[in-house]
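User: I would like to go through the assignments in this model and ask what each one rests on.

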Amino acid sequence: MFRGPLMTIALGILTRGGIYIGADRFVSHGTTKTYRRKVHNISPARSGSVVMVAAAGHEGHSKETRDAIKRSLAKLSRNQWTDWSHYRDALDQESIRVWKRHVKKTAMDPEFWLLMAVWTPGDSEAHLLVTGGENASSDVAAAQCAGIGSYLGQFFANRAALAPDPFSSLLFAIQTLY
């Protein structure tokens, strides 16, 4: 059996220079450990929007939710691409659906968390959302860590959001994920 620090974390930071979004790469399946990318671009093709998702927690549930959100976003009409509330709706519907289908029924632990950064051509600024459990998404005002280990990470994330310049924010973000 693998013995070591079992921690999963996703991080989103709103800074003066934009949004930083990241996650650790550690994935475990029983006694097997591996490393995989946990930040994904799920932007709808030809929309001009940028949608990034960072995941923490149960990898299978996170992937199922991410794939379902991507399919929902692909169904948006051209006039919906510029309204970010449609992106929030997709996050809410799919994350709650997966939670009810898997986690609530089986009382599985750990759950899963998603951070979603959204920028659309109709917005002057990007939006950062977090979801986890049976709740709908919440807006992130400055910084958010999600997952096991998020308490310590939140300390560094808050410092990153208040940093005086984008480079300092990036350094704090790296320190949080390290």
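Analyst: One caution at the start: this is a predicted model. I will take E6 as the opening case: 6 of the 8 residues in this strand are buried, so each of those 6 has under 20% relative accessible area. E6 is accordingly described as mostly covered.

User: How do you know that E5 and E6 are paired?

Analyst: Two strands count as paired if DSSP finds at least two bridges between them. E5 and E6 (residues 50-57) are joined by 3 bridges, so the criterion is met. The two strands run antiparallel. Within this pair, Val 39 is opposite Ala 54, and Asn 41 is opposite Met 52.

User: What joins E6 and E7?

Analyst: There are 8 bridges between E6 and E7, again in the antiparallel sense. The requirement is at least two, so these strands are paired as well. Val 50 of E6 faces Trp 119 of E7.

User: What makes E5 and E9 the edge strands?

Analyst: The sheet is open, with 5 antiparallel strands in the order E5-E6-E7-E8-E9. E5 (39-41) and E9 (138-139) each pair on one side only.

User: Why does the length of H1 agree with its number of residues?

Analyst: At 1.5 Å a residue, 16 residues should span 22 Å, and the end C-alpha atoms of H1 are 22 Å apart, so the two values agree.

User: Where does H1 lie, and which of its residues are buried?

Analyst: H1 (residues 59-74) lies across E5, E6 and E7 (112-119), at about 30 degrees to E7. Its buried residues are His 61, Ser 62, Glu 64, Thr 65, Arg 66, Ala 68, Ile 69 and Leu 73.

User: Why can Ile 69 and Leu 73 belong to a nonpolar core?

Analyst: A core takes buried residues of types that include Ile and Leu, joined through side-chain atoms within 4.5 Å. Ile 69 and Leu 73 are both buried, and they are among the residues with the most contacts inside the largest core, which has 18 residues. Elements giving two or more residues to this core are E6, H1, H2 (85-106) and E7. A second, separate core has 11 residues, including Ala 54, Leu 115, Leu 128 and Val 140.

User: Which residues does Met 116 touch?

Analyst: Leaving out residues up to four places away in sequence, the contacts of Met 116 include Ile 21, Ile 42, Val 51, Ile 69, Tyr 87 and Leu 91. Met 116 is also one of the residues with the most contacts inside the largest core.

Terms used
Residues are numbered from 1 along each chain as its sequence is written. This is a predicted model: local features need pLDDT of at least 70, side-chain atom pairs count only at pLDDT 80 or more; totals for chains, interfaces and linings use all residues. Side-chain values use heavy atoms; hydrogens and water are left out. Helices (H or I, at least four residues) and strands (E, at least two) are DSSP runs, numbered from the N terminus. Contact means heavy atoms within 4.5 Å. Axes are lines fitted to C-alpha atoms, for helices over the stretch in contact, and angles run from 0 to 180 degrees between N-to-C directions. Buried means under 20% relative accessible area, exposed over 50%, partly exposed in between (1.4 Å probe, protein chains only). The expected span of a helix is 1.5 Å times one less than its number of residues.
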